[in-house]
Amino acid sequence: ASKKTRRLLDKSKTFHVTCGVTICIFSVLHVAAHLVNALNFSENYNEDFLALNAANYRGEDPRKLLFATVPGLTGVIMVLVLFLMCTASTYAIRVSNYDIFWYTHNLFFVFYMLLMLHVSGGVLKYQTNLEEHPPGCFNPNKTLQQNTTTPKAFEEPFPDYTTEPFPEDLPVPEPSTQNNFIRICSKEPKFQSHFPETWFWISGPLCLYCVERLYRYIRSNKPVTITSVISHPSNVLEVRMMKDDFKARAGQYVILHCPRVSALESHPFTLTMCPTDTKATFGVHLKVVGDWTERFRDLLLLHSNQDTEILPIFQQRRYPNVHLVSPTSQSSHVSLQGCRAGGTSLYLMLCSHDSMSDGWKFYKLRRLYFIWVCRDIESFRWFADLLCMLHNKLWQENRPDYINIQLYLSQADGIQKIIGEKYQALNSRLLIGRPRWKLLFDEIAKCNRRKTVGVFCCGPNKISKILHKLSNSSNSYGTRFEYNKESFS
């Protein structure tokens, strides 16, 4: 049950996107309907029930209803805010300039405030005196008050209506004839605006959001101490930190916030080093791919444009203050990994095995299939040292088959750069092309009959869909695959 719950929570981002798309679709329908309403309020001005009119007179410019009233003006601003949020949420904007996405997405608070004001204009009304003035009744006094010609049938006072039995010698009128009698009422209809109820539906989620933000602030109030920064090849940066009473497990991630980089912006990073009983240091690896990571790197390193070597470069300096939210869980217990360059969870899995002697006794993996797909040879370089070190350690422990490493290179240029004496162990494991996933799953299922194999993917959605489909498909060996994907939801 707990695994299913965690997987369901991993879908929170998908649920969020679905809700956003649904809001956009129904907002378009809502706006279109109100544009038609603005024309109807102007052209079909009701002379009989003046209180029901949104327009002040017949033929009033509909643009005044849109820009000179509280419902109209707040609606226009909400449409503009929603348009900015939707367009800035596209993949192209998020990749090119994440700041635009981040700041426009936080306009949701303005959107909800306007939404609560949107219904305060009193356009929607209901009748309060239905008993004195039932729908469809006629009030003759209204005609006299308006100085109009009164029908002769209503010039004399109306006698009190009394119910008498219908004469037995006359035929009973048809129902249609009975319905033609006019009901008389003596009072005018009274209308009152609906009490706004939007706050009732919005206040709950907003309160939860504020509580969550306050909880984050309390947990991240104390800055962490950056002990060292290591610059790896392929624009990969490793940040090692310490914090009092910090506890974490493999597979969890933290949310980093650096005020000197951005006052509001923060990002999640998978922990690649967790504290143990004998070592309080923890760390993350981050790929420098955007403006936030570039500015963060510039603050951490002495020279952001310096050449990197295969071996890490240690930088010692006064580091900026960094705040983080305590670790959050994600699916992490795996046996098979389909991944790409920059897969920090994969790094953690191998590091955790290398650190078992420091308290990582809870891992019960029988075998680890490590599949890594990259476009170019440079993407392997920052990971090559750890792979070789782990390979040599397993050979010394007489467990060479514990981990099955398969490296796939999409482009063959420069393959000789990683193959040498230092990386001889990776020579036979470096393949050209892409994995044949179906054959790979069949081979693993054959070697693990009637067992459960965890699949963990850290990579693009295209590979994720393939692995997810293969994990859910049946096989003749009785092997069950449990699919997990790195998620920061």
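Biologist: In this predicted model, which residues is Leu-256 in contact with, once its neighbours within four places in sequence are left aside?

Modeller: Leaving those neighbours aside, Leu-256 is in contact with Met-241, Ser-266, His-267, Phe-269, Val-284, Trp-292, Val-322, His-323 and Leu-324. As a general idea, in soluble globular proteins nonpolar side chains tend to be buried together. Here, Leu-256 is one of the residues with the most contacts inside the largest nonpolar core, along with Met-241 and Phe-296, and that core has 27 residues.

Biologist: Which elements give two or more residues to this core?

Modeller: They are strand 3 (225-232), strand 4 (236-242), strand 5 (253-257), strand 6 (267-273), strand 7 (282-287) and helix 11 (291-300). Helix 11 gives the most, with four residues. There is also a second, separate core of 23 residues, which includes Leu-368, Cys-374, Phe-383 and Tyr-423.

Biologist: Let me turn to loops, beginning with Thr-281: is Thr-281 buried or exposed?

Modeller: Thr-281 is found in the loop between strand 6 and strand 7, and with a relative accessible area of 16% it is buried, because buried means under 20%. Not counting residues up to four places away in sequence, Thr-281 touches Thr-227, Arg-240, Met-241, Met-242, Met-273, Cys-274 and Pro-275.

Biologist: And what can be said about Asn-129, which lies in the loop between strand 1 (125-127) and helix 8 (140-145)?

Modeller: Asn-129 is buried as well, with a relative accessible area of 7%. Leaving aside its neighbours within four places in sequence, Asn-129 is in contact with Glu-188, Pro-189 and Lys-190. For the pair Asn-129 and Pro-189, the separation in sequence is 60 residues, while their C-alpha atoms are 6.4 Å apart in space. Taking the protein chain as a whole, residues 24 or more positions apart account for 72% of the contacts with a separation of 6 or more.

Biologist: How should I read a helix, and which residues of helix 7 (residues 108-118) are buried?

Modeller: An α-helix has 3.6 residues a turn, so residues three or four places apart point the same way. In helix 7, the buried residues are Phe-108, Phe-111, Leu-114 and His-118. They lie on the same side of helix 7, because they cover an arc of only 120° around the axis.

Biologist: What covers those buried residues of helix 7?

Modeller: The cover includes helix 2, helix 4 (70-88), helix 6 (98-105) and helix 10 (198-219).

Biologist: Helix 2 has come up there, so to speak, as cover; which residues form a nonpolar patch on the surface?

Modeller: The patch is formed by Val-17, Val-21, Ile-25, Phe-26 and Leu-29, and together they have about 490 Å² of accessible area. One of them, Val-17, is found in helix 2 (residues 12-43), and at 46% relative accessibility Val-17 counts as partly exposed.

Biologist: Now for charged side chains: how many salt bridges does the structure hold?

Modeller: Side chains of opposite charge can pair when their charged atoms come close. The structure holds seven salt bridges. In one of them, the side chains of Asp-61 and Arg-63 meet at 3.0 Å, taken from N to O. Asp-61 is partly exposed at 28% relative accessibility, whereas Arg-63 is exposed, with a relative accessible area of 58%.

Biologist: With which residue does Arg-297 form a salt bridge, and is Arg-297 buried or exposed?

Modeller: The partner is Asp-298, and the closest N and O atoms are 3.6 Å apart. Arg-297 is buried, with a relative accessible area of 15%, while Asp-298 is partly exposed, with a value of 37%.

Biologist: Where do Asp-442 and Lys-438 lie?

Modeller: Both lie in helix 14 (residues 437-447), four residues apart, about one turn of the helix. Their side chains meet in a salt bridge of 3.8 Å, N to O. Asp-442 is partly exposed, with a relative accessible area of 29%, and Lys-438 also counts as partly exposed, at 45%.

Biologist: To finish with the whole protein chain, how many helices and strands does it have?

Modeller: The protein chain has 15 helices and 15 strands. Of its 489 residues, 39% count as buried. Its accessible surface comes to about 30200 Å², and 58% of that belongs to carbon and sulfur atoms.

Definitions and conventions
Residues numbered from 1 in each chain as written. Predicted model: local features only at pLDDT ≥ 70, side-chain atom pairs only at ≥ 80, totals over all residues. Heavy atoms only, no water. Core = buried A, V, L, I, M, F, W, Y, C linked by side-chain atoms within 4.5 Å. Buried < 20%, exposed > 50% of the residue type's maximum accessible area, 1.4 Å probe, protein only. Contact = heavy atoms within 4.5 Å. Patch = residues over 30% accessible without salt bridge, like charges linked within 9 Å, V, L, I, M, F, W, Y side chains within 5 Å. Areas by Shrake-Rupley, 256 points an atom, 1.4 Å probe, with all protein chains shown as cover. Salt bridge = Lys/Arg side-chain N within 4 Å of Asp/Glu carboxyl O. Arc of directions from axis to C-beta.
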